[in-house]
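Subject: Structure for your files

Hello,

Here is the structure you were expecting. Please keep it open while you read the notes below it.

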Amino acid sequence: MLITYSIPFSITADLTADTGGGQGLAIGVLNLAIVIPQICTHIGEFGLRTYYLGDVRSITQSQVFQGMKTKDLISWNTLIGGLAMHGRGVDALNLFIRMKNAGQKPDGITFLGILCTCTHMGPVEDGLAYFQSMVHDNSIVPQIEHYGCMVDLLPRAGRLEQAMDFVSKMPMEPDVVIGAGLLGACRTHKNVELAEVALQRLIELEPKNPANYGKMWPG
């Protein structure tokens, strides 16, 4: 059952995303899943993920999600991540509330989607609150991706020093993406002092990349 029904679901996503000609087929497969609960129970994770992310603007979350007999953590995370990726931050946050009300415990992937949502929407205080909730309320150890979201979020509100402090307290070595992001934020806000610190850190992370030496200010 898993193979039989998840493969057409993925194919539908490809048709719809690439050509637009799969819309009728998309609705047909979706309606079939809603009508036959057994299919909803066995729709594969990758089929749902591919379909939803491929055509999130055409098929509402309720059509897919409400038709599923069993809503597990993967299902919640897939929809939250899809909404966050396509700029539907309010919907993502509302779905997160529904997830908690339904008694489903979030994991690190859930919070990654929520933090990405905050990054795109810009509510810094909300992002900080979700990060703290992840750690203190849910006992989830932040990974470098979670820190990356915060380092991206904070400078958007001009809070460069707080972003630098966030990086300095990371329990793991920051990667080049975080280092370059910090330097870019310092350039945007024309903070020369912090830019020098960020540049030095980036050079330490990637000493053999000569391009780093020309990244202080645009030429």
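What follows covers one helix pair and two residues in that region.

Please bear in mind that this is a predicted model.

The helix pair is H8, residues 108–121, and H9, residues 124–137. Their axes lie 9 Å apart and make an angle of about 165°. Angles over 145 degrees count as roughly antiparallel, and H8 and H9 are therefore described that way. Their crossing is left-handed. On the H8 side the contact is made by Phe-111, Ile-114, Leu-115 and Cys-118. On the H9 side it involves Asp-126, Gly-127, Tyr-130, Phe-131, Ser-133 and Met-134. By type, the residues of this contact are seven nonpolar, two polar and one charged.

Leu-115, in H8, has a relative accessible area of 1% and is buried. Leaving aside residues up to four places away in sequence, Leu-115 touches Gly-127, Tyr-130, Phe-131, His-146, Cys-149 and Met-150. Its C-alpha atom is 8.6 Å from that of Leu-153, which is 38 residues away along the chain.

His-146 belongs to helix H10, residues 144–156. His-146 is also buried, with a relative accessible area of 4%. Its side chain reaches two backbone atoms: the oxygen of Gly-108 at 2.8 Å and the nitrogen of Gln-143 at 2.9 Å. With the same sequence neighbours left out, His-146 touches Gly-108, Phe-111, Leu-112, Leu-115, Phe-131 and Met-134.

Regards

How values were computed. Residues numbered from 1 in each chain as written. Predicted model: local features only at pLDDT ≥ 70, side-chain atom pairs only at ≥ 80, totals over all residues. Heavy atoms only, no water. Axes fitted to C-alpha atoms, helices over the stretch in contact; angles between N-to-C directions. Helix = DSSP H or I, 4+ residues; strand = E, 2+ residues; numbered from the N terminus. Parallel < 35°, antiparallel > 145°, perpendicular 65-115°, else oblique. Left-handed = near helix turned anticlockwise from the far one by under 90°. Contact = heavy atoms within 4.5 Å. Nonpolar A, V, L, I, M, F, W, Y, C, P; charged D, E, K, R; others polar. Buried < 20%, exposed > 50% of the residue type's maximum accessible area, 1.4 Å probe, protein only. Polar contact = N/O pair within 3.5 Å; in protein donor to acceptor, adjacent residues only side chain to side chain.
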